[in-house]
Structures are given as structure tokens and as C-alpha cells.
Amino acid sequence: MPDKDAGETEWTISGRYTGRSDIPLTPNGERQVASSASKVVGTGKLIDPARVGHVYISPRTRARRTYELLFDGASQKELEPKHEITEDIREWEYGAYEGLLTAQIRAGRKERGLDTERPWNIWLDGCENGETAEEVSSRLDRVIKNIREIQGPYMHGEKGVDVVLIAHGHILRAFAKRWIGFELGRALPMMLEPGAVGVLSYEHHKIDEPAFLLGVNIGTE
């Protein structure tokens with residue numbers, strides 16, 4: 001099941017937290033997505049539109065544009081009844097930290113007498129006037145439940161039921177943790193580049209054994 005991060009924006013370049021702010025892709029961000037699409041999307045490729053059972057797309061403009069760049073017109077037509085724009089995979093709600101850098105958030109909290117024993121950590125502390133880790137987990141768990149209902153009957157490939165998520169850096173890393181049953185506060189360092197593709201799967205073709213697919217054989221055309 002591929003996870004697709006939206007491409008680069010002006011705020012991701014500088015590292016600013018970008019949640020509800022509807023920042024568009026940069027020209028380079030669009031090139032990142034188009035380049036990924038040329039390599040991994042198509043018949044017999046990692047993301048084969050004919051084998052996609054569902055696509056979840058964040059409502060933010062940058063994610064919706066990523067979908068348009070990822071799939072050509074014919075594929076979008078084929079996926080029309082299978083794609084869903086949902087707030088459940090929107091980016092983490094950063095609240096008071098929207099548009100800030102990590103250093104700015106930590107400095108501001110320190111000035112207010114917070115975090116006296118350790119630095120602020122979004123996975124543990126959430127965001128002031130935004131979402132807690134528990135709130136993020138709750139909406140992601142709904143998506144995971146739906147995905148397993150889609151894929152459960154076809155664990156041996158009887159039908160193409162790949163699921164594609166097009167979303168954002170923090171929420172996709174949170175999704176990966178929840179996919180394997182980790183609480184968001186559990187340390188699991190991960191990186192996800194703008195425009196990149198990650199893959200989650202199952203061990204032993206069993207719906208109750210979710211796993212990271214650390215290596216994907218892209219093969220040759």
C-alpha cells in the first residue's frame with residue numbers, strides 16, 4: 001500500500017509547520033511529483049491504476065495537485081469512483097504552531113515555563129490549540145480500519161486492492177506508526193522526502209500482521 005507525500009512547498013523548504021495553511025506546490029515540487037509518477041505509476045509498476053482499490057487524498061491543495069500529477073487523465077477517470085478526499089488524512093493540526101519552526105516553538109514554550117525537563121516533542125505533547133497525538137491517532141485508525149476491510153478478503157492477490165494515500169509528512173509518518181500498532185509517542189525515527197513514495201504491507205499475507213515494506217523491487221520495464 002503506497003503512501004505518497006505531497007511535493008515541495010515554500011514552507012517545506014524552510015521547515016515551517018504547514019497544516020491547514022493551503023500552500024501550493026512550488027514548480028520544483030510539481031517536478032518532484034511528476035518525476036516520481038514517471039517511475040512508479042503505470043501498468044505493471046509499483047502503483048498500477050488497474051490494481052488500485054481506493055485512493056485517499058488530503059483536502060489541501062498541495063495534495064490534490066499531487067493526485068493530478070501522479071495519475072494521468074485516463075487513470076483519473078478509471079479511479080473516479082475509487083478516490084476519496086477526506087479530512088481524516090489531512091496534516092496534523094498545528095494550532096498555535098502553524099507556520100513556525102521547531103526552534104521557535106521550543107523557545108516560545110520555554111519562555112512560558114513549559115518543558116522544563118525535556119524539549120517539546122510533537123509525538124508526545126501535541127500542539128497548543130491544535131491536535132493531540134490521541135486525536136490524530138483516532139482519525140488515522142478510522143482510515144486503517146477501512147483499508148483492512150477493503151483488503152482483508154483479497155490477501156492472496158485475488159483482486160487488485162492496493163490503496164494509495166496522498167497526504168503530508170507528519171501525518172504519513174503518524175500513519176505508518178499506527179499501521180503497525182505503535183502509539184505515536186513511541187520513538188520510531190522516520191524520514192519522508194517531499195514527493196516521495198513509501199510502502200506499507202502485511203507479513204505472510206495476513207491482515208493481522210501489518211508491516212513496513214523496507215525494500216521494493218522496482219524491476220525493469
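User: What makes the buried residues of helix α3 line one face of the helix?

Analyst: In this predicted model, α3 spans residues 61-70, and its buried residues are Arg-62, Ala-63, Thr-66, Tyr-67 and Leu-70. Looking down the axis of α3, these buried residues stay within an arc of 145°, so they line one face of the helix. There is a general reason behind such patterns: an α-helix has 3.6 residues a turn, so residues three or four places apart point the same way.

User: What are the angle and distance between α2 and α3, and why are the two called oblique?

Analyst: Their axes are 9 Å apart, and the helices pack at an angle of about 40°. Angles under 35 degrees would count as roughly parallel, and 65 to 115 as roughly perpendicular. An angle of about 40° belongs to neither group, and α2 and α3 are therefore oblique to each other. Their crossing is right-handed. On the α2 side the contact is made by Glu-30, Val-33 and Ala-37, and on the α3 side by Arg-65, Thr-66, Leu-69 and Leu-70. You have met two of these already: Thr-66 and Leu-70 are among the buried residues of α3.

User: Just ahead of α2 there is Thr-26. Where is Thr-26 found, and why is Thr-26 called buried or exposed?

Analyst: Thr-26 sits in the loop between α1 (10-14) and α2 (27-40). Buried means under 20% relative accessible area; Thr-26 has 5%, so Thr-26 is buried. Setting aside neighbours within four places in sequence, Thr-26 is in contact with Glu-8, Thr-9, Glu-10 and Ile-13.

User: How do you know that the buried residues of α5 line one face?

Analyst: Helix α5 covers residues 102-111, and its buried residues are Ile-105, Gly-108 and Arg-109. Viewed down the axis of α5, they fall within an arc of 100°, so they line one face of the helix. These buried residues pack against α6. The face turned away from the buried side carries the exposed residues Ala-103, Lys-110 and Glu-111.

User: What follows α5, and what is said of the phi of Asp-115?

Analyst: Gly-113 follows α5, with a positive phi near 80°. Asp-115, placed in the loop between α5 and α6, has a phi near 55°, a positive value in a residue other than glycine. His-205 also has a positive phi near 55°, again in a residue other than glycine, and lies in the loop between β5 and β6 (210-212).

User: Why do Asp-115, His-205 and Leu-214 get the exposure labels they have?

Analyst: Exposed means over 50% relative accessible area, buried means under 20%, and partly exposed is in between. Asp-115 has 26%, so Asp-115 counts as partly exposed. His-205 has 49%, so His-205 counts as partly exposed too. Leu-214, in the segment after β6, has 82% and therefore counts as exposed. The C-alpha atoms of Leu-214 and Leu-200, 14 residues apart along the chain, are separated by 8.4 Å.

User: What makes Gly-95 partly exposed, and which residues is Gly-95 in contact with?

Analyst: Gly-95 has a relative accessibility of 32%, between the 20% and 50% limits, so Gly-95 counts as partly exposed. Its place is in the loop between β3 (83-85) and α5. Leaving aside neighbours within four places in sequence, Gly-95 is in contact with Glu-128, Asn-129 and Gly-130.

User: Why are α7 and α8 called oblique?

Analyst: Their axes come within 10 Å and cross at roughly 60°. The roughly perpendicular range starts at 65 degrees, and roughly parallel means under 35. At roughly 60°, α7 and α8 are therefore oblique to each other. The crossing in which α7 passes α8 is right-handed. Among the residues making the contact are Val-136, Leu-140, Ile-144 and Ile-147 of α7, with Ile-171, Phe-175 and Trp-179 of α8.

User: Which residues have the most contacts inside the largest nonpolar core?

Analyst: They are Trp-92, Ile-122, Ile-147, Leu-165 and Phe-175, in a core of 30 residues. At least two core residues come from each of α6 (122-125), α7 (133-151), β4 (162-167), α8 (169-179) and β5 (197-202). A second, separate core has 14 residues, including Val-55, Ile-57, Ala-63 and Ile-166. Ala-63 brings us back to α3, where Ala-63 is one of the buried residues.

Technical notes:
Residues numbered from 1 in each chain as written. Predicted model: local features only at pLDDT ≥ 70, side-chain atom pairs only at ≥ 80, totals over all residues. Heavy atoms only, no water. Helix = DSSP H or I, 4+ residues; strand = E, 2+ residues; numbered from the N terminus. Buried < 20%, exposed > 50% of the residue type's maximum accessible area, 1.4 Å probe, protein only. Contact = heavy atoms within 4.5 Å. Arc of directions from axis to C-beta. Core = buried A, V, L, I, M, F, W, Y, C linked by side-chain atoms within 4.5 Å. Axes fitted to C-alpha atoms, helices over the stretch in contact; angles between N-to-C directions. Parallel < 35°, antiparallel > 145°, perpendicular 65-115°, else oblique. Left-handed = near helix turned anticlockwise from the far one by under 90°.
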